[in-house]
Amino acid sequence: MTRQDVHYEFDHHTTEFAENPWRIYRELRETCPVAHSTAYEDGFWVLTSYSDVRRCTVDTETFSSDGGDLLIPSENPGRLLPVQADPPMATAYRRLINPLFTVSAVRAMEPAIRRHVDDTIDEFIERGTADLVTDLALPVPGLVTMNLVGWPERDWPEVVEPIRAFSTHRVGEPERAAAGQRLAALRGRVSEDIRRRRQAPGDDLVTRLLAATVDGRPLDEDEIVDITMMVLFGGVDTTVAAIGNMALYLDSDRDLRARLSAHPELVPAAVDELLRYEAPVQGFARFVRADTEIGGERIRRGEKVLLAWASANRDPEAFPDPDTVRLDRSPNPHLSFGIGPHRCIGATLAKAELAIVLRRLLERMPDYTVDRARVRPTVSCGTTFARATVPVRFTPGSRLRAKGGDQE
Ligand code: HEM
């Protein structure tokens, strides 16, 4: 077929897409699973079937991450490592941060995560109303991320606000440009940290990276900034999106909510399945390194391909009854964390965090009801599928800790 035959004006930054990306993905999977869009740049390919998306994500020889940022359109908010490199360098960078994300490291973080969730809920539990995005979903991953990099917990808004503004607005919008400037300032803060930590090592990520080597040499300053920014970026907007989406879904599926309240041991399976159902990261791009063929279409060297993990997760060829949330999918090979050499290194942490949030939500606000008329998607869901606001009402409860005091 010619490129015109598979032309589809796919634009993942429109309001229509943000309201219901699943309908557009279904149409693409059914009519044109390897589609070509001219909505941005010199055009790009969109892959939507599970088998194509999986195969190309794993094939890092042909589909490279090392060619610029992985967004469409490209915007260069600063390089992130290891995600913008290919093996073997990507693997070498990844090894340096792996100790932060092992099962035992995550287990050791769990008491702090519980404290963050409880303290955050304490701030609004007596009120009987909240916005689960602003009041819960933003602070918790922010605080956890501060612990990961060893920064003061009170600094979380400095990190969360620009990342969130960047990924939820469209290219060209003033909010996005302003967020880009604040992200540049954040990179500056990491550079300052590097200078400070060279003199006075601490117990933080920058100190660890200053002592690390790749290829038998120390990391240079840019590499340290790029890795630190990745750790800051990775856990924030994704987990924020997942918390808002999950809280909203459980408002609509009261049977599942009752089951989870009665059987909290089912929460991890629910977290996994809800991540499949509404993938927070819709997809990232790759750069084609050599002419190739996918589903009968010729893709040329130098072109860009969007790997739509969110669509793969709804492919009936891979998941029977894909538009239904079911806890009996075992295994659940969804692609919400990607797959292959770049598979999300923070997946165990994210799942632990989400399970703690859901359990506490069900325990402390068991009758929460979402004001659905006021729920809005973010301005753009092209990168992260998220709600801008999830307003709720519930029977007011009591704080677990007195203001500024110890646990009761
Ligand atoms: C629900 C939450 C999360 C989702 C949906 C998610 C999703 C993803 C996806 C799809 C990728 C693959 C990117 C690619 O192949 O191009 C990725 C990579 C990554 N994620 Fe996550 N992520 C989440 C939470 C986290 C957390 C909590 C962290 C901790 C900082 C994190 C850190 C990273 C890092 C460092 C990478 C790059 C790994 C590499 O390139 O080897 N993520 N994530």
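## Asp251 and its salt bridges

Asp251 is buried, having a relative accessible area of 7%, in this predicted model. Two arginine side chains form salt bridges with this residue: Arg257, with an N to O distance of 4.0 Å, and Arg372, with an N to O distance of 2.8 Å. The second pair joins parts that are 121 residues apart in sequence, because Asp251 belongs to helix α11 (residues 221-252) whereas Arg372 sits in the loop between β11 (369-370) and β12 (376-377).

The two arginines can also be described by their accessibility. Arg257 is buried, at 4% relative accessibility, while Arg372 is partly exposed, with a relative accessible area of 43%. These pairs belong to a structure that holds 37 salt bridges.

## Helix α12 and its buried side

Arg257 is also one of the buried residues of helix α12 (residues 254-262), where Leu256 and Leu260 are buried as well. Because these residues cover an arc of only 100° around the axis, they lie on the same side of α12. Asp255 and Ala262, on the other side of α12, are exposed.

Which elements do the buried residues of α12 pack against? They pack against α11, α13 (267-277) and α15. Arg257 is thus buried within α12, and its side chain meets that of Asp251 in a salt bridge.

## The iron donor and the loop between α14 and α15

The ligand carries an iron atom, for which Cys344 is the single donor from the protein, its SG atom being 2.3 Å away. Cys344 is placed in the loop between α14 (309-312) and α15 (347-364).

Asp321 is found in that loop between α14 and α15, and has a positive phi of about 55° although it is not a glycine. Most residues other than glycine have a negative phi, and most peptide bonds are trans. The side chain of Asp321 takes part in a salt bridge with Arg326, in which the closest N and O atoms are 3.7 Å apart. Both partners are partly exposed, Asp321 at 39% relative accessibility and Arg326 with a relative accessible area of 28%. Elsewhere, salt bridges with shared partners join Asp118, Asp122, Arg360, Glu363 and Arg364 into one network.

Pro331, too, lies in the loop between α14 and α15, and the peptide bond that leads from Ser330 to Pro331 is cis, with omega near 5°. A further cis peptide bond runs from Pro87 to Pro88, likewise with omega near 5°, and Pro88 lies in the loop between β3 and α4 (89-97).

## The five-stranded sheet

An open sheet of mixed pairing is formed by 5 strands in the order β1-β2-β10-β7-β3. Its edge strands, β1 (34-37) and β3 (63-64), each pair on one side only. At one edge, β3 is joined by 2 bridges to strand β7 (residues 284-288), the two running antiparallel, and Ser64 has Phe287 in β7 as its bridge partner.

At the other edge, β1 and strand β2 (residues 44-47) run antiparallel and are joined by 4 bridges, with His36 standing opposite Trp45 in β2. Are the faces of the edge strand β1 covered or uncovered? Both are covered, since Val34 and His36 on one side and Ala35 and Ser37 on the other are all buried. The hairpin of β1 and β2 has 6 residues between the strands, and Glu41, found in this loop, has a positive phi of about 50° although it is not a glycine. At 41% relative accessibility, Glu41 counts as partly exposed.

## The three-stranded sheet

A further open sheet has 3 strands in the order β4-β14-β11, and its pairing is antiparallel. Because β4 (129-131) and β11 stand at the edges with a single partner strand each, one side of each is left without a neighbour in the sheet. Strand β11 is joined to strand β14 (residues 391-393) by 2 bridges, and these strands run antiparallel; Thr369 has Arg393 in β14 as its bridge partner.

The edge strand β11 also leads back to the buried aspartate: the loop between β11 and β12 holds Arg372, which is paired with Asp251 of helix α11.

Key: Residues numbered from 1 in each chain as written. Predicted model: local features only at pLDDT ≥ 70, side-chain atom pairs only at ≥ 80, totals over all residues. Heavy atoms only, no water. Buried < 20%, exposed > 50% of the residue type's maximum accessible area, 1.4 Å probe, protein only. Donors = N, O, S within 2.8 Å, 3.2 Å for Na, K, Ca; no water. Pairing = 2+ DSSP bridges. Arc of directions from axis to C-beta. Contact = heavy atoms within 4.5 Å.
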